[in-house]
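Trainee: I have just opened this model and would like to learn how to read it. Could we go through it together, one feature at a time?

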Amino acid sequence: MKTWQNLALTSSLDSSDVHEWTWDGQDLLLFRNIDGNWHAISAYCPHMQNYIPNGLPPGSSLDKLLTPQGLNCPYHGWVFDGSGHCVSIPPGQPVPKWAMGEKPATEAWACRVEGEWLQILADQVTTGPPQSP
């Protein structure tokens, strides 16, 4: 059974920005991709376990993380789409087998808008990579 939980009032979210959010003990990044849908992925890059927003210069807006493909981790340039798949790694970096495979590289949660609420699918998370990349 799918269990959708209210996460945030859509009126409290700027649809052009990335939002840091803590839900059920998880640090998330909420964003709208070019598909116009909301997405929630882990706020930690699976590459080196860095907290993605900390890679931005102090005072930078989180919208600097957005690319046409998804969210960019500023530490090493990996880009993740809304389903948690790594869709880009800059040339010259070693590519772990788990990073660009069929399975998502990082945790991601399905989201939807229901009335005034952004909801998250509570009992279904796509799993990320092994804990020791």
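Mentor: Gladly! Let us begin with Gln-49, which is partly exposed because its relative accessible area is 38%; buried means under 20% relative accessible area, exposed over 50%, and partly exposed in between, with a 1.4 Å probe and protein chains only. Please keep in mind that this is a predicted model, where local features need pLDDT of at least 70, side-chain atom pairs count only at pLDDT 80 or more, and totals for chains, interfaces and linings use all residues. Residues are numbered from 1 along each chain as its sequence is written, and side-chain values use heavy atoms, with hydrogens and water left out.

Trainee: Where is Gln-49 found?

Mentor: Gln-49 sits in the loop between strand S4 (38-42) and strand S5 (66-67). Its phi is positive, about 65°, although Gln-49 is not a glycine.

Trainee: Which other residue that is not a glycine has a positive phi?

Mentor: Asp-24 has one, of about 50°. Asp-24 belongs to the loop between strand S2 (19-23) and S3. Asp-24 counts as exposed because its relative accessible area is 64%.

Trainee: How many helices and strands are there in the protein chain?

Mentor: Helices (H or I, at least four residues) and strands (E, at least two) are DSSP runs, numbered from the N terminus. Here the protein chain has ten strands and zero helices.

Trainee: What does the radius of gyration of the protein chain agree with?

Mentor: The radius of gyration is taken over C-alpha atoms, and the globule rule is 2.2 Å times the number of residues to the power 0.38. For 133 residues, a compact globule would have a value near 14 Å, and the protein chain has 14 Å, so the two agree. Its C-alpha atoms fill a box of roughly 45 × 40 × 25 Å along the principal axes.

Trainee: Which residues have the most contacts inside the largest nonpolar core?

Mentor: A nonpolar core is a set of buried Ala, Val, Leu, Ile, Met, Phe, Trp, Tyr and Cys residues joined through side-chain atoms within 4.5 Å. The largest one has 21 residues, and those with the most contacts inside it include Val-18, Leu-29, Ile-41 and Trp-78. Another core, of twelve residues, lies apart from it, and Trp-23, Trp-109, Leu-118 and Ile-120 are among them. Over the protein chain, buried residues make up 39% of the 133 residues.

Trainee: What is Val-18 in contact with, leaving aside its neighbours within four places in sequence?

Mentor: Contact means heavy atoms within 4.5 Å. With those neighbours left aside, the partners of Val-18 include Leu-29, Phe-31, Asp-63 and Leu-71.

Trainee: Could we try the same reading on a residue in a strand?

Mentor: Take Arg-32, which is in strand S3 (residues 26-32). Arg-32 is partly exposed, with a relative accessible area of 32%. Leaving aside neighbours within four places in sequence, Arg-32 is in contact with Ser-15, Asn-37, Trp-38 and Leu-66. The C-alpha atoms of Arg-32 and Ser-16 are separated by 6.9 Å, and these residues are 16 apart along the chain.

Trainee: And what about a residue in another loop?

Mentor: Val-95 lies in the loop between strand S8 (86-88) and strand S9 (108-114). Val-95 counts as partly exposed, at 48% relative accessibility. Beyond its neighbours within four places in sequence, Val-95 is in contact with Ile-89 and Met-100.
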